[in-house]
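The exercises that follow ask the reader to work from the displayed model towards a description of its architecture and of selected residues. Each task is followed by a solution that proceeds step by step.

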Amino acid sequence: AVVSTQSTGATTAHSALTLKIQQNMVLCQYLVKDSEYDLEWLLDHLYTIEGKMKKEGEDECCDEVERSVLLYNTALVLYQSKQFDKALEILKKLFKLIEPLEEVLAYKICFLLVECYLCTYHTDEA
């Protein structure tokens, strides 16, 4: 029984790492000069990976903190495509769990959150 538990733990850790690698590959494909991919393609792929991470999260592999980079990237793409309200939804969730995040990511979340508030004319919340 101990061997199967370790094996399952290794499998879920491997799965989480695979999803992070997939995210990086999608971002790299999008950022390649003269890329044929557009923001909608990138968003579709980020949402797909997020769905997989949520499913893995049910198995206690990917929690909200581990998904935070993906969520930030998704919010950034939404911001770039001028979908400020959708970006705000994600950033508000991230802001609630900002304390355990890496400092650089926390700063990026805060700055993007303020920028989205300003773009939606919610200056009192910024």
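**Exercise 1.** In which loop does Pro100 lie? Establish its accessibility and its relation to Val65 in this predicted model.

*Solution.* Begin with the position along the chain: Pro100 belongs to the loop between H4 and H5. Next, consider the accessibility, which for Pro100 is 53% in relative terms, so that the residue counts as exposed, the cut-off for that class being over 50%. Finally, turn to the distance: although Pro100 and Val65 are 35 residues apart along the chain, their C-alpha atoms are separated by 7.2 Å.

**Exercise 2.** Describe the overall composition of the protein, its burial and its contacts.

*Solution.* The elements are taken first: the protein has 5 helices and 0 strands, and from the N terminus on the order reads α-α-α-α-α. As for burial, 35% of the 126 residues count as buried. The surface that the protein exposes amounts to about 8300 Å², with 56% of it supplied by carbon and sulfur atoms. Among contacts with a separation of 6 or more, 54% are accounted for by residues 24 or more positions apart.

**Exercise 3.** Analyse helix H5 by its span, by its buried and exposed residues, and by what covers it.

*Solution.* Start with the geometry: H5 comprises residues 103-119, 17 residues in total, and its first and last C-alpha atoms lie 24 Å apart, close to the 24 Å expected at 1.5 Å a residue. The next step is to list the buried residues of H5, which are Leu105, Ala106, Ile109, Leu112, Leu113, Cys116 and Tyr117. Viewed down the helix axis, these buried residues fall within an arc of 140 degrees, and therefore they line one face of H5. On the face turned away from that buried side, H5 carries the exposed residues Glu103, Val104 and Phe111. The cover over the buried residues of H5 includes helix H3 (64-80) and helix H4 (84-96). Just after H5, Tyr121 adopts a positive phi of about 65 degrees.

**Exercise 4.** Which residue forms a salt bridge with Arg67? Place both partners in the fold and classify their accessibility.

*Solution.* The general principle is that side chains of opposite charge can pair when their charged atoms come close. Here the partner of Arg67 is Glu50, with the closest N and O atoms 3.3 Å apart, which satisfies the cut-off of 4 Å. The pair links distant parts of the chain, since Arg67 is in helix H3 and Glu50 in helix H2 (residues 39-58), 17 residues apart. The count of salt bridges comes to 1. Arg67 is buried at a relative accessible area of 7%, and Glu50, at 11% relative accessibility, also counts as buried.

**Exercise 5.** Is Asn73 buried or exposed, and which residues does Asn73 touch?

*Solution.* Locate the residue first: Asn73 is found in helix H3. Its relative accessibility is 15%, and so Asn73 counts as buried. Leaving aside residues up to four places away in sequence, Asn73 touches Gln23, Leu27 and Leu46.

**Exercise 6.** Which residues make the nonpolar surface patch of about 290 Å²?

*Solution.* The patch is made by Leu17, Ile21 and Met25. Of these, Leu17 can be placed in helix H1 (residues 2-31). With a relative accessible area of 49%, Leu17 is partly exposed.

Note on methods. Residues numbered from 1 in each chain as written. Predicted model: local features only at pLDDT ≥ 70, side-chain atom pairs only at ≥ 80, totals over all residues. Heavy atoms only, no water. Helix = DSSP H or I, 4+ residues; strand = E, 2+ residues; numbered from the N terminus. Expected span 1.5 Å × (residues − 1). Buried < 20%, exposed > 50% of the residue type's maximum accessible area, 1.4 Å probe, protein only. Arc of directions from axis to C-beta. Contact = heavy atoms within 4.5 Å. Patch = residues over 30% accessible without salt bridge, like charges linked within 9 Å, V, L, I, M, F, W, Y side chains within 5 Å. Areas by Shrake-Rupley, 256 points an atom, 1.4 Å probe, with all protein chains shown as cover. Salt bridge = Lys/Arg side-chain N within 4 Å of Asp/Glu carboxyl O.
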